[in-house]
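These are my notebook entries on what I looked up in one structure. I went through charged pairs, then individual helices, then a few surface sites.

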Amino acid sequence: MTSLVQDFSSHPFLPGSVLASIIGDPQMRKLQPLDSATLIGFNKQNTPEIVGHFQDFGMLDGAQASKIISCDSQFVRVYKILQTHLSETADAADCNLEATQQLVRALFSARLLAEYLEILTPPQLSYEKTPHGTTDLLEALFDSFRRIVGGAWSEFFPRAIFDLRADASAQFWMACLYGNSPESMVNEFVGIYRSAFRDRLQSLNENHRPDRRLQIKDAITDYLDSAKEKFLKLHDTVEKQALAGVDQAFQEIERILTKLELPPLVLIYYQSLTQEICSAFSHLDSTLTSKENRFSQYLLKQVAAIVEEHCRSTSLLSAGRDEKLDHVFRELDELIGIVAVKEKVRQTANFAKIQQLRIAQGLKAIPTSYHSVYTGNPGTGKTTVARLMGRIFKSLGVLKKGHVIECDRSALVAEYVGQTAVKTNAVIDSALDGILFIDEAYALDKGEKDFGPEAIETLLKRMEDNRDRLIVIVAGYPEPMEQFINSNPGLHSRFTRFIDFPDYKPLELCQIFGSMCRKNALSLAPDLKERLVHHFHFLHGERSENFGNARLVRNTFESAITAQASRLASLPHIDAKALATLDSADLISPTDELRQNYLREKKHYVIPCSHCGKVYSWSKELEIQIGQCAECGKTYDCEFGALMSHG
């Protein structure tokens, strides 16, 4: 990402990726994040091309587009003018030209971004109310950057050492960061640092011996006479600002960028500017002392830690607000089976995404409800999917937190009159901005003499009052849930999304067992794999409405690892392989006779491709978990097989 903010191939001092990353409503940026390839592409475009791109997508209005292009043109024009004077100015100030150019680029870049943010930041985001009053966040952001520059300058040019370079460097950054306009930035940057005054400027150096015969009294003399006093006053100011630490100013930049809901690339940009400033200041005299290097290393290390933590907290691996939808979908896809459930989840997510895009574009959202009914036997993944839905809704901006509060009748219904509403409201309050997941919700409706109906009425009222902050998912067995929803007109009207969670197939139960083993660094002996195939086929065939599905697999797994522990405990020596392997003897199963009959009939095992249905033969000695289908070219799970008489 650092290379993105240091690419000046199409702009002299501000990469197009930085501009692109701050265009658009914050919600729109979250729904349509820019990937690295797209950002690289923006670095190859000029400002009008970037502006035109976002106008075409409706993310930038005409007035904003015009202001950006005008502002950019003005800054680029005066920047080019300054470049024509820079060699002369650097020479007059005894400053290294390359370091001076580096300093100018960083300062102009920061100033132009500040102007862009003034144009693009929504007014409601640009102010913060504090106990001390209202703070202008954009002003505070740029002032924090000034503190970094001023603090760094005071370290590289300490008050005890005043000379020509110290004076010139102060004039350079003050002109760029405090100038009223781009033109004044150029004029004040150059100031008196011209070839015509080069000899007279040398009087600012301690070892200079002025020509006593010259008695000139003019504006240059006045400047030179007051230069040291101004230098010391500037030190007084920046030292007070930097007293808390230059790194603390960068921490404040991170905080403000978070408040402004800007992407991590902008913080990385400020990190790059800080590096440029330190490098430029330290090399203005073409040398880098040990003390200067020590300061730079410390500051840049602190800044890098702040950036790393910020990026970590907003990364794909976090369950943070900006978690990308694709990441949650990958976790959804990794769930074994439930193909129809996954498709309905995607449909709901796609609908929610379009709704949020409509709102971001200023269009009216289509009236809808995300309250859902999940039906299925225990262990079919209802709670797991509800948790994923919370993260999906959060990543899309539908919910601010996306957490899931799981409860049942006991958490909502009290034992005495007047307490149920209080109890139910407390649970709902904890679920605001997230999902309330009620398992076996039909238990709330036990009859007229029960307090359950009071909980239902309280829930229905809060679902209406907090419809923008609460999503309710009720779950349970299929038939009782259908009766429950149809028992109350309010429930029937509010719950419009239904997802049925089917029982897992025998092959899927085997795959879930294999997944549990991999998560716990356990491998399976070939005989155990074969026994598991028969074990879960038998239990699936004997299942009732209380069939445990994934819970059954969990119980089987825990029974196996307990049996393994008992088996190994009696051995005189236990090696690593034994600890990491489940053996056939670790499974207690009623299917051994059935398995022997199956093998005596010379039946084989098969494994179908989960995508195209192509059937392959399977054996317990197969040591791979993922195979590639020769028919459709896609991969499928081949760790376990199925009996020939089963699908």
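**Entry 1: salt bridges**

I began with a network of salt bridges that links Glu 128, Glu 252, Arg 255 and Lys 259. The model is a predicted one, and I kept that in mind for every entry below. I then searched the whole structure and found 28 salt bridges. I looked up three further pairs individually.

My first pair was Arg 198 and Asp 94, whose closest N and O atoms are 2.8 Å apart. This pair links distant parts of the chain, 104 residues apart: Arg 198 belongs to helix α10 (residues 198–201), while Asp 94 sits in the loop between α5 and α6. Are the two partners buried or exposed, or something in between? I noted Arg 198 as partly exposed, because its relative accessibility is 25%. Asp 94, at 23%, is likewise partly exposed.

My second pair was Glu 276 with Arg 105, a salt bridge in which the closest N and O atoms are 2.8 Å apart. Glu 276 is in helix α13 (residues 264–283) and Arg 105 is in helix α6, so the salt bridge ties together parts 171 residues apart in sequence. I recorded Glu 276 as buried, because its relative accessibility of 15% is under the 20% cut-off. Arg 105, at 25% relative accessibility, counts as partly exposed.

My third pair was Asp 527 and Lys 620, with 2.6 Å between the closest N and O atoms of their salt bridge. Asp 527 lies in helix α24 (residues 526–541) and Lys 620 in the loop between β11 (615–618) and β12 (626–628), so this pair ties together parts that are 93 residues apart in sequence. Asp 527 is partly exposed at 36% relative accessibility, and Lys 620 is partly exposed at 22%.

**Entry 2: helix α4**

Next I asked which residues of helix α4 (residues 47–56) are buried. I found Thr 47, Ile 50, Val 51 and Phe 54 to be buried there. Why do they lie on the same side of α4? They do so because they cover an arc of only 95 degrees around the axis. The spacing fits a general rule: an α-helix has 3.6 residues a turn, so residues three or four places apart point the same way.

I then looked up what covers these buried residues of α4, and the cover includes α1 (16–22), α3 (36–42), α5 (62–92) and α6 (97–120).

I also examined both ends of the helix. At the start of α4, a side-chain oxygen of Asn 46 comes to within 2.9 Å of the backbone nitrogen of Glu 49. Following α4 is Gly 58, which has a positive phi, near 70 degrees.

**Entry 3: two serines in helices**

I looked up Ser 144, a residue of helix α7 (residues 137–156). Ser 144 counts as buried, because its relative accessibility is 2%. A polar atom of the Ser 144 side chain lies 2.9 Å from the backbone oxygen of Ala 140. Which residues does Ser 144 touch, not counting those up to four places away in sequence? I listed Ala 249, Glu 252, Ile 253 and Ile 256. Of these, I had already met Glu 252 in the salt-bridge network with Glu 128, Arg 255 and Lys 259.

I turned to Ser 296, which is found in helix α14 (residues 290–313). At 8% relative accessibility, Ser 296 also counts as buried. Leaving aside neighbours within four places in sequence, I found Ser 296 in contact with Phe 156 and Cys 278.

**Entry 4: surface sites**

I looked up Lys 44, in the loop between α3 and α4. Is Lys 44 buried or exposed? I recorded Lys 44 as exposed, because its relative accessible area is 65%. The C-alpha atoms of Lys 44 and Phe 8 are separated by 8.8 Å, and these residues are 36 residues apart along the chain.

Finally I examined a nonpolar surface patch of about 240 Å², made by Leu 571, Ile 574 and Leu 579. Leu 571 is located in the loop between α25 (550–569) and α26 (576–579). With a relative accessible area of 39%, Leu 571 is partly exposed. That value satisfies the patch criterion, because patch residues need over 30% relative accessible area.

Definitions and conventions
Residues are numbered from 1 along each chain as its sequence is written. This is a predicted model: local features need pLDDT of at least 70, side-chain atom pairs count only at pLDDT 80 or more; totals for chains, interfaces and linings use all residues. Side-chain values use heavy atoms; hydrogens and water are left out. Patches are made of residues with over 30% relative accessible area and no salt bridge: like charges are joined within 9 Å, nonpolar side chains (Val, Leu, Ile, Met, Phe, Trp, Tyr) within 5 Å. Accessible areas come from the Shrake-Rupley method with a 1.4 Å probe; for residues, only the protein chains shown count as cover. A salt bridge is a side-chain nitrogen of Lys or Arg within 4 Å of a carboxyl oxygen of Asp or Glu. Helices (H or I, at least four residues) and strands (E, at least two) are DSSP runs, numbered from the N terminus. Buried means under 20% relative accessible area, exposed over 50%, partly exposed in between (1.4 Å probe, protein chains only). The arc is that of the directions from the helix axis to the C-beta atoms. Contact means heavy atoms within 4.5 Å. A polar contact is a pair of N or O atoms within 3.5 Å; within protein, one must be able to donate a hydrogen and the other to accept it, and residues adjacent in sequence count only if both atoms are side-chain atoms.
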